[in-house]
Amino acid sequence: EGTDTGDDIDIVAWHQLMKIITLCNDAEVEQERLTGSATEVALLELAQSNRIDVDGLRGQYPRLETRERAEGRPLMSTVHRGKDGLLVAVKGRPAEVLERCDSVIVDGKPRPLDGNWQMQMLAANDAMAENALRVLAVAYAEIGADAPRDAENLTWVGLVGLQDPLRPGMAELMAEFHRSGIKTVMITGDQSATAHAIANELGLAADRGLEILDSSSLDKIDPQLLSGLVKRIDVFSRVSPAYKLRIVQALQQAGAVVAMTGDGINDGPALKAADIGVAMGKAGTDIARSVSDVVIKDDNLHTMHIAVRQGRTIYSNIRKMIHYMSSAASYVAQQGFSAESAPVMLKFANAVAQRFGVVVSQRSAMQIVPVIGALGAATVNTIFMHHFQSMARAHFTVRRLEKKYDQELVQNLYESFKAED
């Protein structure tokens, strides 16, 4: 909110910065409303707050070519027709943009960019990132009509910091996840300093030290080493879209059950590979929603914790029902009841199971009773568990029931239901 230009400002550089963030930008002005990605809309708002006529400026510099951010190229560049040639406008990750610059605007004029200036730019970037700002570098080049249109030999203009405040209650939500035994991991394209500041605000590491992995060279890490490393990592920074899938697979190889949230097209492979893919209903793309197992309609992550809590309640109820059914199954197997006992067994099962929020259908009872008599309770318990495992996509540990129930009580209950029938 607002504009912080610093104590000493180069007016020429400042106006050039406003010009570049307006031209190298896919957001649009539609009926006095801005549409586009949150980042680019924020940049246009900054330009408009400094009295930039967006449509007028774009009319003066028609766009001829666009190169979007891509794998291995963390910057966007656009080429525009100018009065005396072509203008190449660039914005992107500071370190990578700085590598392509050979000059900087000083006192209103381009000057050679030496090592001292580079250190100052990187220090300014780090200072902004440590305040949880997402930092973009802005640069440009003026070239002839026949010159190569790649983003090289640029003139450095400056840095723009964007703040994306955490939603209310997010730190408390992370704490709730941790108390529930769920580890939270951040996967972000932001640089490490920005990611570290945000992760600290969220409390991702709880009471221990925050572990961050710069993932710009993730492809050079041995898969076995990565699967052992991911257990300790809280934040993966500078992650390209292709690496999201590899991180999910490494977590799974380390024995974790992974729920992945995402909303973009590039999140699709990771969402599909995760044990539970969770897409956003409002902000999510069609591809993200189509490959996910769960779609959060209101885009509110608090909904996930509610779903986990209710899911665990259902799972607990199912286990309790199975325990009761298995003890009854032992009695039925001993007495040798057949399929004709299904209606009575159905009433008995539902009388016991109803208190746990589970209802057994007549069809299920007709299928279960003959199996009980032939296989016995322990095997039936395994069948139940396998059935609910496939339904819930959960990993259950199947073991013999150790708790014994009063056989006389079970027999009396069964006989009373049979008499009523």
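## A three-stranded sheet

In this predicted model, β10 and β12 pair in the parallel sense, over two bridges. Ile187 stands opposite Phe236, a residue of β12. The pairing belongs to an open sheet of three strands, in the order β10-β12-β11. Pairing in this sheet is parallel.

Which strands form the edges? They are β10 (186-187) and β11 (212-214). Each of these two pairs on one side only.

## Helix α7 and Thr194

The buried residues of α7 are Thr194, Ala195, Ala197, Ile198, Ala199 and Leu202. What do they pack against? Their partners are α5 (115-129), β8, α6 (170-179), β10 and β12. Two of the strands from the sheet, β10 and β12, are thus on that list. A general rule helps in reading any such helix: an α-helix has 3.6 residues a turn, so residues three or four places apart point the same way.

Take Thr194 as an example. This residue lies in α7, which spans residues 192-202. Is Thr194 buried or exposed? Its relative accessibility is 1%, so Thr194 counts as buried. Leaving out residues up to four places away in sequence, Thr194 touches Ala129, Ala132, Leu133 and Arg134. Asp126 is 68 residues from Thr194 along the chain, yet their C-alpha atoms are separated by 8.3 Å. Just after α7 comes Gly203, with a positive phi of about 70°.

## Ser227 in helix α8

Ser227 sits in helix α8, residues 223-229. Its relative accessibility is 9%. The cut-off for buried is under 20%, so Ser227 counts as buried. Which residues does Ser227 contact, apart from neighbours within four places in sequence? The contacts are Ala250, Gln253 and Ala254.

## Two nonpolar cores

The largest nonpolar core has 24 residues. Those with the most contacts inside it are Leu17, Met18, Ile20, Ile21, Val138 and Val160. Five elements each supply at least two residues of this core: α1 (11-23), α2 (38-49), β5 (86-92), β8 (133-143) and β9 (154-163). Which element gives the largest share? That is α1, with seven residues. A second core, separate from this one, has 23 residues. Among them are Val88, Val104, Ala141 and Trp156.

Val138 shows what packing looks like for one residue. Setting aside residues up to four places away in sequence, Val138 touches Leu17, Ile20 and Ile21. Val138 also touches Val90, Trp156, Val157, Gly158 and Val160. Trp156, one of these contacts, is a member of the second core.

## Positive phi in two loops

Most residues other than glycine have a negative phi. Where does this model depart from that pattern? Asp107 is one case: its phi is positive, about 55°, although Asp107 is not a glycine. Asp107 is found in the loop between β6 (101-106) and β7 (109-112). With 64% relative accessibility, Asp107 counts as exposed.

Arg238 is another case. Its phi is near 50°, again a positive value in a residue other than glycine. Arg238 lies in the loop between β12 (235-237) and α9 (241-253).

Conventions
Residues numbered from 1 in each chain as written. Predicted model: local features only at pLDDT ≥ 70, side-chain atom pairs only at ≥ 80, totals over all residues. Heavy atoms only, no water. Helix = DSSP H or I, 4+ residues; strand = E, 2+ residues; numbered from the N terminus. Buried < 20%, exposed > 50% of the residue type's maximum accessible area, 1.4 Å probe, protein only. Core = buried A, V, L, I, M, F, W, Y, C linked by side-chain atoms within 4.5 Å. Contact = heavy atoms within 4.5 Å. Pairing = 2+ DSSP bridges.
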